[in-house]
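Visitor: I would like a close look at a single part of this protein, the place where its nonpolar side chains gather. Please take me through that part with care, and then set it among its surroundings.

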Amino acid sequence: DNVLYIPMATTTIKTTLPSKTVSTIDDYNADERNTNVLFANLVMTSPSFDLEPQHVSRLLGLAQAQTSSRRRKRDNHLLISRLLPKASIKLSVHEPVVRFILPISNDCDTAENDYNLLIPSISSISLDIESSHSSEGDADYSLSSVFRIASPKLYYQTPSGVKHNLLTTESVELRAVLNASPEVCVIASGTVNTCSAHMVNSDVNRGIRQVVEQFRAKMQ
């Protein structure tokens, strides 16, 4: 089954991390630590996910298995603090779309291959991350990030092509600042502009209930 399709992706990476890993760094001043840099830029255009209920349950099971296999503790905080780079990472995704394919029950008067669609679509997604070591003598490390979603929309589409908007939003923005000194402190804030929900169509509401029931059946 085809699940993910990305027509085009462009990546640019510049880093000095390999050389810093090989060499031994005895100078702990901020200028030396900030010479370890990582600049990355990733752009994806029109990625699409096509998911059926059984796909979601299998992907969730795979993610849970990978999470449980990574539960290890390592006492290498000093090495990690040396190798943390001064970073500038930018990720942007244009016009991503996820299509949940919903089979229609046999008692409905529709063709055999017809199906409903539950579609979250977004105009663009961007993530900007900036991090650096403190300019003072201590070993502080700070990271700031901005996550933006433009024009997210959730709608329900029938086999005849009729669309019913369920959730429309102008924009969503999340900001987070992390400081490690060495205790971790995180400050986060978010903004949602012009959000509206539309749950006025009984057929659509019934279709959403079917989605939830199918997911529950597949997860049991």
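Guide: A nonpolar core is here a set of buried Ala, Val, Leu, Ile, Met, Phe, Trp, Tyr and Cys residues joined through side-chain atoms within 4.5 Å, where buried means under 20% relative accessible area. The model is a predicted one, and within this model the largest such core has eight residues, namely Leu 51, Val 56, Phe 100, Leu 102, Leu 118, Tyr 156, Leu 166 and Val 204. In soluble globular proteins, nonpolar side chains tend to be buried together.

Val 204 offers a way into this group: once its neighbours within four places in sequence are set aside, Val 204 is in contact with Tyr 156, His 164 and Leu 166, and of these partners Tyr 156 and Leu 166 are themselves listed in the eight-residue core. There is also a second core, separate and made of five residues, among them Ile 101, Leu 117, Ile 119 and Tyr 155.

His 164, met above as a partner of Val 204, leads on to Thr 158, which, with its neighbours within four places in sequence left out, is in contact with Tyr 115, Asn 116 and His 164. Thr 158 is found in the loop that runs between strand S10 (153-157) and strand S11 (163-180), and because its relative accessibility is 18%, Thr 158 counts as buried. The side chain of Thr 158 also makes a polar contact, at 3.0 Å, with the side chain of Ser 160.

On the other side of strand S10 in sequence, the loop between strand S9 (141-150) and S10 holds Ser 151. The phi angle of Ser 151 is near 55°, a positive value in a residue other than glycine, and with a relative accessibility of 39% Ser 151 counts as partly exposed. Thr 194 likewise has a phi near 55°, again positive in a residue other than glycine, but Thr 194 has its place in strand S12 (residues 184-197), and because its relative accessibility is 59%, Thr 194 counts as exposed.

Two cysteines may be added to the picture: Cys 185 is partly exposed, with a relative accessible area of 39%, and Cys 195, at 48% relative accessibility, also counts as partly exposed. The structure holds zero disulfides.

Elsewhere, Met 8 lies in strand S2 (residues 8-15) and is partly exposed, its relative accessible area being 49%. Leaving aside neighbours within four places in sequence, Met 8 is in contact with Val 43, Met 44 and Thr 45, while Ser 46, 38 residues away from Met 8 in sequence, is 7.7 Å from it in space, C-alpha to C-alpha.

For the protein as a whole, the secondary structure comes to five helices and twelve strands, and buried residues make up 25% of the 220 residues. Among contacts between residues at least 6 apart in sequence, 66% join residues at least 24 apart. The protein exposes about 14,900 Å², of which carbon and sulfur atoms supply 55%.

A word on confidence is also in order. The mean pLDDT of the protein is 80, with 75% of its residues reaching 70 or more, whereas over residues 72-76 the pLDDT is below 50, and this stretch has zero contacts in the model beyond near neighbours in sequence.

Conventions:
Residues are numbered from 1 along each chain as its sequence is written. Side-chain values use heavy atoms; hydrogens and water are left out. Buried means under 20% relative accessible area, exposed over 50%, partly exposed in between (1.4 Å probe, protein chains only). Contact means heavy atoms within 4.5 Å. Helices (H or I, at least four residues) and strands (E, at least two) are DSSP runs, numbered from the N terminus. pLDDT is the predictor's confidence in each residue, from 0 to 100. A polar contact is a pair of N or O atoms within 3.5 Å; within protein, one must be able to donate a hydrogen and the other to accept it, and residues adjacent in sequence count only if both atoms are side-chain atoms. Accessible areas come from the Shrake-Rupley method with a 1.4 Å probe; for residues, only the protein chains shown count as cover. A disulfide is a pair of cysteine sulfur atoms within 2.5 Å.
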